[in-house]
Number of protein chains: 2
Amino acid sequence: MLTNHPTLLAFLQISKKVATMDLSKKQILSKGKRLLINAALKLTADTRNLNGLSLRELAREAGLNPNTFYRHFKNIDELGLAILAEIAGRIRQPLRDLRRQAAESITGKLLNDTDWERDPELSFRKSMEVTKATVGLFFDYAADNADAIILGVREQHGASPILRKTIREMMQGFANDMAEDIQQLNLLPPIPNRVLQEVSESISREMFQLSMDYIERPNQRQDIIRKAEKFITTVMIGTTTLHGYGPLMGQALQAFQQEWASTDQEPELSSL
Amino acid sequence: MLTNHPTLLAFLQISKKVATMDLSKKQILSKGKRLLINAALKLTADTRNLNGLSLRELAREAGLNPNTFYRHFKNIDELGLAILAEIAGRIRQPLRDLRRQAAESITGKLLNDTDWERDPELSFRKSMEVTKATVGLFFDYAADNADAIILGVREQHGASPILRKTIREMMQGFANDMAEDIQQLNLLPPIPNRVLQEVSESISREMFQLSMDYIERPNQRQDIIRKAEKFITTVMIGTTTLHGYGPLMGQALQAFQQEWASTDQEPELSSL
DNA sequence: AAGTAAGGTATACAAACGTATACCTTGAAA
DNA sequence: TTTCAAGGTATACGTTTGTATACCTTACTT
């Protein structure tokens with residue numbers, strides 16, 4: 001019997017506590033924390049940044065006494081970290097699901113890792129369709145979770161060093177996921193992992209940037225989607241070409257060229 | 001004689017006034033404005049954002065009476081706009097100069113627009129060297145003007161809608177410049193203007209994002225430079241390939257592949 | 001020489017802020 | 001059943017803030 005081992009006992013106790021909390025409210029956070037986080041998300045969404053919030057204002061919005069804030073957080077930064085943890089949960093896994101969903105709906109079954117040798121052209125075409133579907137779903141998701149996206153992007157280069165650092169790590173995590181998914185779903189031919197990782201970083205960055213525009217400028221959404229699709233396509237073609245797969249997909253490239261020929265010539269509509 | 005024309009007279013008077021102001025201080029801004037702008041740049045540089053500043057704090061830093069603020073600005077947003085105008089001047093033209101400087105130092109004389117037909121491979125290689133030089137100079141410039149860059153990037157998705165809008169327009173301006181320079185310096189083969197514009201937008205966005213890392217993480221600078229170079233190369237190869245120039249530069253691509261083969265395999269060093 | 005606009009100052013005050021201290025409620029552990 | 005920690009409240013105080021009012025100086029304009 002190991003149940004007398006002190007560390008194990010401690011672990012069991014913690015597990016039990018977490019389990020109870022999970023059952024009680026189906027979320028780990030206590031009521032006050034929830035209220036304060038929601039208040040912060042609401043207040044920052046439009047024209048505020050986190051450290052422009054006063055904790056009195058926060059408490060007011062949450063319907064709590066100002067001092068209650070201290071029961072949950074030492075300062076605003078700590079609140080910020082809790083919010084980021086919440087956001088990560090709201091975004092990270094859904095993003096992966098969304099990619100798988102897109103991949104499966106396009107390719108029927110997933111792309112096979114030998115497909116790139118047998119028919120690189122078709123593989124690339126399918127892969128780009130998956131990309132398009134993913135882009136669409138991502139922007140939808142971003143618009144649905146506007147408050148979280150706004151806060152995240154806003155604080156990415158915001159005033160608090162610790163939040164900046166945390167967000168950098170989150171973004172790195174997103175990029176890791178993307179790289180892993182590209183590999184697992186065979187969205188690109190075999191390419192060194194480091195390269196995949198860096199390409200994914202650039203693409204995530206651009207996607208989050210564009211999603212801010214997507215949220216803020218509803219009448220530009222179609223154009224933003226097109227931009228994102230084209231950006232990713234360009235980067236992926238650049239990457240594959242750089243790694244020697246260029247000559248193999250000649251026909252597919254022509255198809256892309258034709259597809260964008262019309263929009264490429266359009267005059268810039270400088271609206272708003 | 002036209003000198004009696006009222007509008008012209010008015011114009012001459014304004015010209016005279018501007019000229020005098022220019023002479024008196026070699027800058028258009030009055031002393032108080034200067035002090036307040038500098039104070040704001042100093043205070044926001046590290047761990048603040050613009051609308052987290054109080055105007056009393058600003059005045060204190062500037063060595064002025066709190067009320068003096070109102071002699072120059074209606075509110076913090078107006079101060080912000082003045083700062084952005086200042087930043088634009090500090091960045092826009094220098095950026096163009098820097099690109100020309102890089103281009104001329106690499107190519108001796110500028111690339112000719114027929115070079116891409118005659119020897120696309122050499123043209124691309126030269127073009128990429130110009131890119132590298134530009135990236136290096138840009139990051140240096142960013143580090144030297146850290147306060148301006150930080151404020152700009154921070155407020156790009158910051159709390160104030162009007163500043164956001166202004167910065168969006170500034171970024172668009174930078175992208176326009178870049179597209180124009182790519183064309184004038186023949187850094188890419190003939191490509192539709194719209195495409196050039198959009199590629200430039202993506203590259204500027206990424207460059208400013210990376211420049212924040214460059215500023216904040218001095219010990220990662222070499223790696224960040226490499227990432228930027230590689231990103232731009234990838235995008236440019238993607239763009240040219242998409243527009244049918246791929247087959248023409250086969251050899252050059254292999255050169256790039258080899259150049260990055262070593263770094264591509266390196267393990268991720270997850271420092272700090 | 002007088003007038004005027006721009007830039008700077010001094011004083012004042014209500015409002016909002018962060019936070020300290022102390023007390024109350026409740027649910028679960030002992 | 002008592003104990004106790006967690007979460008919430010009430011009151012209070014010193015600071016800082018935005019801004020109003022009024023006055024002063026300087027440099028041009030006329």
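The largest share of the surface near DNA strand D comes from α3(B), with three residues; a residue is near a strand if its C-beta atom, placed from the backbone, lies within 6 Å of it. Helices (H or I, at least four residues) and strands (E, at least two) are DSSP runs, numbered from the N terminus. The model is predicted: local features need pLDDT of at least 70, side-chain atom pairs count only at pLDDT 80 or more, and totals for chains, interfaces and linings use all residues. Residues are numbered from 1 along each chain as its sequence is written, while chains are lettered from A and ligands numbered from 1 in the order in which they are written.

**DNA surfaces**

Around DNA strand D there are 14 residues, of which Ser30(A), Gly32(A), Asn65(A), Ser54(B) and Arg56(B) are the closest. At least two residues each are supplied to this surface by α2 and α4 of chain A and by α3 (55–62) of chain B. DNA strand C is likewise surrounded by 14 residues, and Ser54(A), Arg56(A), Ser30(B), Gly32(B) and Asn65(B) come nearest. Here α3 (55–62) of chain A, together with α2 (31–45) and α4 (68–72) of chain B, each give at least two residues.

The table sets out the two surfaces by class. Ala, Val, Leu, Ile, Met, Phe, Trp, Tyr, Cys and Pro count as nonpolar, Asp, Glu, Lys and Arg as charged, and the others, Gly among them, as polar.

| Surface | Helix giving the most | Classes |
|---|---|---|
| near DNA strand C | α3(A), three residues | three nonpolar, seven polar, four charged residues |
| near DNA strand D | α3(B), three residues | three nonpolar, seven polar, four charged residues |

**Helix α3 of chain A**

Leu58(A), Ala59(A) and Ala62(A) are the buried residues of α3(A), where buried means that 20 or more other C-beta atoms, placed from the backbone, lie within 10 Å of the residue's own. Seen down the axis of α3(A), these residues fall within an arc of 95°, so they line one face of the helix; the arc is that of the directions from the helix axis to the C-beta atoms. An α-helix has 3.6 residues a turn, so residues three or four places apart point the same way. The buried residues of α3(A) pack against α2 (31–45) and α4 (68–72) of chain A. Just after the helix, Gly63(A) adopts a positive phi of about 75°.

**Fold of chain A**

Chain A contains twelve helices and zero strands. Of its 272 residues, 39% are buried. Among contacts (C-beta atoms, placed from the backbone, within 7 Å) between residues at least 6 apart in sequence, 69% join residues at least 24 apart.

**Contact between the chains**

The contact takes 42 residues from chain A and 42 residues from chain B. On the side of chain A that touches chain B, α8 (146–156), α10 (193–216), α11 (221–242) and α12 (250–265) each supply at least two residues. The most come from α11(A), which gives ten residues. By class, this side of chain A has twelve nonpolar, 19 polar and eleven charged residues. Of the interface residues of chain A, 100% are also interface residues in chain B, so the copies meet through the same surface.

A rotation of 180° with 0.0 Å of shift along its axis superposes chain A on chain B, with an RMSD of 0.0 Å; the superposition is by least squares on the C-alpha atoms of residues with pLDDT of at least 70 in both copies. The two copies are therefore related as by a two-fold rotation axis. In chain A, the C-alpha of Gly238(A) is nearest the axis, 1.8 Å from it.

Technical notes
Two residues are in contact if their C-beta atoms, placed from the backbone, lie within 7 Å. A residue is buried if 20 or more other C-beta atoms lie within 10 Å of its own, exposed if 12 or fewer, and partly exposed in between; C-beta atoms are placed from the backbone.
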